[in-house]
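Work through these exercises with the sequence and the model side by side. Try each task before reading its solution.

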Amino acid sequence: MAASAFGGVVAALETHRGRDRAVRALCYACQLAGGALARPQASPSGLPGSLLAVSAQLSACRTVLRLFDDFAMLSYSCDYGLGPKDEDCLVRGLSVLCNLANQLYYPCEHVAWAADAGIVHVGSRKWWTLSTALWASSLLLSILRSLRILFQLRRKLRQHKCSASSPRSQKEVKAHVKAEVLSILSATADLSNAIHWLPPGFLWAGHFPPWLVGLLGTISSLIGIYQASGGGASEAT
């Protein structure tokens, strides 16, 4: 069993998505540990400072790797189009808007990264703000979509109780409910961090300590890994 588990980890790390999930989880875990160990009102040094530095480097690594995600996102958006005609209209609309926000997010982040690297001579702050706002919009739309799907699944479960539906059918619906609940929890954790990274003055922007950002990100990352390993029917974005 140990050899099988090790093989599964290696196989996951050989894929772009699997490696990104691992780097993301490690990034937020280091931020959680570094923030928790750091002394209040003091500049992080020693082990806490090293952990936060590792977290920053891993985050920068993920930003560079996302330079190649535009075409994959474009392919997904084109394949989905306006959604299947037999799908709920509201779910389709939310999905299309979510795809649009994700598609616009990448070039905005690329410009911000290029500005910080001195490749293009524009101010990076407004581009970071725009990319973060698009990410937050995508997460909010994702949460609304999952809530709509949960409403439909709840109605379907009531119909199953009133009819002689098979236990397997009920089990599939319950598994779908579980996947959507996990997706909502993951997206809510990420949305909380996204708002924190927006300019100060908007809700709780800029008020989270590093350990809380790390905790929320770690929760979201672990949910994503769990879902990707087969624990949920849908993946976190």
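The model is predicted.

**Exercise 1. The overall fold**

Task: State how many helices and strands the protein chain has, and in what order the elements run.

Solution:
- Start with the count. The protein chain has eight helices and zero strands.
- Read from the N terminus. The order is α-α-α-α-α-α-α-α.
- Take the dimensions. Along its principal axes, the C-alpha trace spans about 65 × 45 × 35 Å.
- Look at burial. Of the 237 residues, 39% are buried.
- Look at the surface. The accessible area comes to about 14,000 Å², and carbon and sulfur atoms account for 66% of it.
- End with contacts. Take those between residues at least 6 apart in sequence: 63% of them join residues at least 24 apart.

**Exercise 2. The two sides of helix 4**

Task: Which residues of helix 4 are buried, and what do they pack against?

Solution:
- Locate the element. Helix 4 covers residues 70–80, and its buried residues are D70, M73, S77 and Y80.
- Place them around the axis. They cover an arc of only 100 degrees, so they sit on the same side of helix 4.
- Recall the helical repeat. With 3.6 residues a turn in an α-helix, residues three or four places apart point the same way.
- Find the partner. The buried residues of helix 4 pack against helix 5.
- Turn to the other side. There F71, C78 and D79 are exposed.
- Step past the end. G81 follows helix 4, and its phi is positive, near 60 degrees.

**Exercise 3. A buried arginine without a salt bridge**

Task: Which side chain of opposite charge is nearest to R92, and how far away is it?

Solution:
- Place the residue. R92 is in helix 5, residues 89–116.
- Check burial and pairing. R92 is buried yet has no salt bridge.
- Find the candidate. The nearest side chain of opposite charge is E87, at 5.3 Å.
- Apply the cut-off. A salt bridge needs a side-chain nitrogen within 4 Å of a carboxyl oxygen, so the pair does not count.
- List the surroundings. Beyond its neighbours within four places in sequence, R92 is in contact with Y80, L82, G83, P84, K85 and E87.
- Link back to Exercise 2. Y80, one of these contacts, is also one of the buried residues of helix 4.

**Exercise 4. Salt bridges across the chain**

Task: For R62, R24 and E109, name the salt-bridge partner of each.

Solution:
- Begin with the total. The count is five salt bridges.
- Take R62. Its partner is D20, with the closest N and O atoms 2.9 Å apart. R62 lies in helix 3 (residues 46–65) and D20 in helix 2 (residues 16–37), so the pair ties together parts 42 residues apart in sequence. Both R62 and D20 are buried.
- Take R24. It pairs with D190, and the closest N and O atoms are 2.8 Å apart. This pair links distant parts of the chain: R24 is in helix 2 and D190 in helix 7, 166 residues apart. R24 and D190 are both buried.
- Take E109. Its side chain meets that of R66 in a salt bridge of 2.6 Å, N to O. E109 is in helix 5, while R66 is in the loop between helix 3 and helix 4, 43 residues away. E109 and R66 are both buried.

**Exercise 5. Leucines in several settings**

Task: Are L97, L134 and L203 buried, partly exposed or exposed?

Solution:
- L97 is in helix 5. Its relative accessible area is 44%, so L97 is partly exposed. With L100 and L104, L97 makes a nonpolar surface patch of about 270 Å².
- L134 is in helix 6, residues 125–162. At 14% relative accessibility, L134 is buried. Beyond its neighbours within four places, L134 is in contact with A101, L104, Y105 and C108. L104 thus appears both in this contact list and in the nonpolar patch.
- L203 is in the loop between helix 7 (167–196) and helix 8 (210–231). At 53% relative accessibility, L203 is exposed. Its phi is near 50 degrees, a positive value in a residue other than glycine.

Methods: Residues numbered from 1 in each chain as written. Predicted model: local features only at pLDDT ≥ 70, side-chain atom pairs only at ≥ 80, totals over all residues. Heavy atoms only, no water. Helix = DSSP H or I, 4+ residues; strand = E, 2+ residues; numbered from the N terminus. Buried < 20%, exposed > 50% of the residue type's maximum accessible area, 1.4 Å probe, protein only. Lys, Arg positive; Asp, Glu negative; His and termini not counted. Contact = heavy atoms within 4.5 Å. Arc of directions from axis to C-beta. Patch = residues over 30% accessible without salt bridge, like charges linked within 9 Å, V, L, I, M, F, W, Y side chains within 5 Å. Areas by Shrake-Rupley, 256 points an atom, 1.4 Å probe, with all protein chains shown as cover.
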